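This report sets out selected structural features of one protein chain, with attention to charged pairs, helix packing and local contacts. The sequence and the structure are shown first.

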Amino acid sequence: MSDQSWDRVPIDPQSIDAPLSLAAVFLVVTVNPEATALARVCTVLDELDDLVKTVGFRDLSARLSCIAGIGRGLWDRLDETRRPAELKPFAAMQGAVHNAPSTPGDLLFHIRSERQDLCFEFERLLLDALRGAVSVVDEVIGFRYFDARDLLGFVDGTANPTGIDLPTSALVGAEDAAYRGGSYVVVQKYLHDLGAWSKVPTDVQEAIIGRTKVDNVEIDDAAAPRKSHKSLATVVDAEGNEHDILRDNMPFGRPGQGEFGTYFIGYSRYLWVIEKMLERMYVGDPPGAYDRLLDFSVARTGTTFFAPTRATLQALVQRASAG
């Protein structure tokens with residue numbers, strides 16, 4: 001966790017524990033194959049702190065931050081000798097009814113602020129700096145919706161770890177000491193069929209989600225014939241320990257295009273925790289009893305990254321530039 005005061009200076013890049021925000025941009029790019037493109041990317045990543053200061057200092061209360069995540073393919077281009085222990089491409093999930101695709105992505109930029117214009121300005125300057133070196137494969141503009149609800153009408157992110165539980169859940173520890181303080185990041189863009197969802201009675205919606213809709217109270221579905229989304233997304237290991245992840249999901253949409261969605265982004269100390277969560281959702285527990293939310297929400301993307309600490313990121317790109 002960061003020890004600095006964010007009231008005096010912009011938030012350090014790579015601060016996983018930065019506050020949740022009112023606005024965000026989720027930008028996924030691939031890096032062009034030329035050596036010059038890789039060199040340009042290294043320069044931009046090395047100077048990410050300067051860019052956060054350039055934009056963020058205009059309004060410190062807006063709490064601009066940026067986290068850069070690196071995919072397996074790009075990581076191997078930067079350093080083919082070592083990598084975070086669990087880093088690998090997103091594992092596509094194939095259930096009996098629904099599937100989660102694996103899609104390309106070398107770099108993720110998770111840009112957050114209390115002001116959408118600061119997110120916009122940061123992304124504009126970032127892409128200007130990367131011009132000719134990358135190709136944008138996905139760009140999503142997220143926003144907070146009422147009292148942290150998704151477009152399905154339910155509060156999202158209630159189970160996030162807080163306080164001392166946050167680093168234990170989201171940040172790599174002594175098990176991979178070279179990458180301590182970093183985090184595995186999985187992103188998926190879900191599109192919702194709001195027309196079909198609106199026809200589902202509220203009590204059935206609540207049984208699917210696992211929480212009441214109005215007051216966000218958790219529903220105990222241990223004795224229910226079908227587990228809820230809440231229960232399927234809860235991962236418990238063989239010793240009975242529950243493993244949390246840090247979610248910073250955001251709604252997005254274009255009503256004129258009939259597009260309504262949730263951008264899932266999960267930070268985790270262990271990649272296997274998110275993979276297990278998705279397996280439970282798509283395959284089901286028991287197999288076949290998949291997450292009924294998937295009948296209304298379709299995943300269009302799926303990519304895995306590792307977000308190293310600021311110091312590790314700078315060391316990585318500086319070694320790659322020197323080599």
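## A charged pair within one region

In this predicted model, aspartate 285 has a relative accessibility of 27% and therefore counts as partly exposed. Its salt-bridge partner is arginine 280, with N and O 2.9 Å apart. Arginine 280, by contrast, counts as buried, because its relative accessibility is 15%, which is under the 20% limit for that class.

## Salt bridges that link separate segments

The structure contains 26 salt bridges in total. One of them joins glutamate 121 to arginine 58, with 3.9 Å between the closest N and O atoms. Glutamate 121 belongs to helix 4 (residues 116-130), whereas arginine 58 sits in the loop between helix 2 (48-56) and strand 2 (65-70); the pair therefore ties together parts that are 63 residues apart in sequence. The two partners differ in their surroundings: glutamate 121 is buried, at a relative accessible area of 16%, while arginine 58 is exposed, at 54%.

A further salt bridge is formed by the side chains of lysine 230 and glutamate 218, at an N to O distance of 3.7 Å. Lysine 230 lies in helix 8 (residues 229-232) and glutamate 218 in the loop between helix 7 (202-209) and helix 8, so this pair ties together parts twelve residues apart in sequence. Lysine 230 counts as buried, with 17% relative accessibility, and glutamate 218 is partly exposed, with a relative accessible area of 48%.

## Helix 4 and its surroundings

Helix 4 has 15 residues, which at 1.5 Å a residue should span 21 Å; the C-alpha atoms at its ends are 21 Å apart, in agreement with that expectation. Its buried residues are Leu118, Cys119, Glu121, Phe122, Glu123, Leu126 and Leu130. The elements that cover these buried residues include strand 1 (23-31), helix 1, helix 2, strand 2, strand 5 (107-113) and strand 6 (134-143). After helix 4 comes glycine 132, which has a positive phi near 85°.

## Packing of helix 1 against helix 4

Two packed helices are described by the angle between their axes and the distance between the axes. For helix 1 (residues 35-46) and helix 4, the axes come within 9 Å and cross at roughly 145°. Helix 1 contributes Arg40, Val41 and Val44 to the contact, and helix 4 contributes Leu126, Ala129 and Leu130. Classified by residue type, this contact of helix 1 with helix 4 comprises five nonpolar residues, one charged residue and no polar residues. Of the helix 4 residues in the contact, Leu126 and Leu130 also appear among the buried residues of that helix.

## Serine 113 in strand 5

Which residue of strand 5 merits separate mention? Serine 113 is found in this strand and is buried, with a relative accessible area of 0%. A polar atom of the serine 113 side chain lies 3.0 Å from the backbone nitrogen of arginine 115.

Apart from neighbours within four places in sequence, serine 113 is in contact with Ser21, Leu22, Ala23, Ala62, Arg63, Leu64, Leu118 and Cys119. Among these contacts, Leu118 and Cys119 are listed with the buried residues of helix 4.

Key
Residues are numbered from 1 along each chain as its sequence is written. This is a predicted model: local features need pLDDT of at least 70, side-chain atom pairs count only at pLDDT 80 or more; totals for chains, interfaces and linings use all residues. Side-chain values use heavy atoms; hydrogens and water are left out. A salt bridge is a side-chain nitrogen of Lys or Arg within 4 Å of a carboxyl oxygen of Asp or Glu. Helices (H or I, at least four residues) and strands (E, at least two) are DSSP runs, numbered from the N terminus. Buried means under 20% relative accessible area, exposed over 50%, partly exposed in between (1.4 Å probe, protein chains only). Axes are lines fitted to C-alpha atoms, for helices over the stretch in contact, and angles run from 0 to 180 degrees between N-to-C directions. Contact means heavy atoms within 4.5 Å. Ala, Val, Leu, Ile, Met, Phe, Trp, Tyr, Cys and Pro count as nonpolar, Asp, Glu, Lys and Arg as charged, and the others, Gly among them, as polar. The expected span of a helix is 1.5 Å times one less than its number of residues. A polar contact is a pair of N or O atoms within 3.5 Å; within protein, one must be able to donate a hydrogen and the other to accept it, and residues adjacent in sequence count only if both atoms are side-chain atoms.
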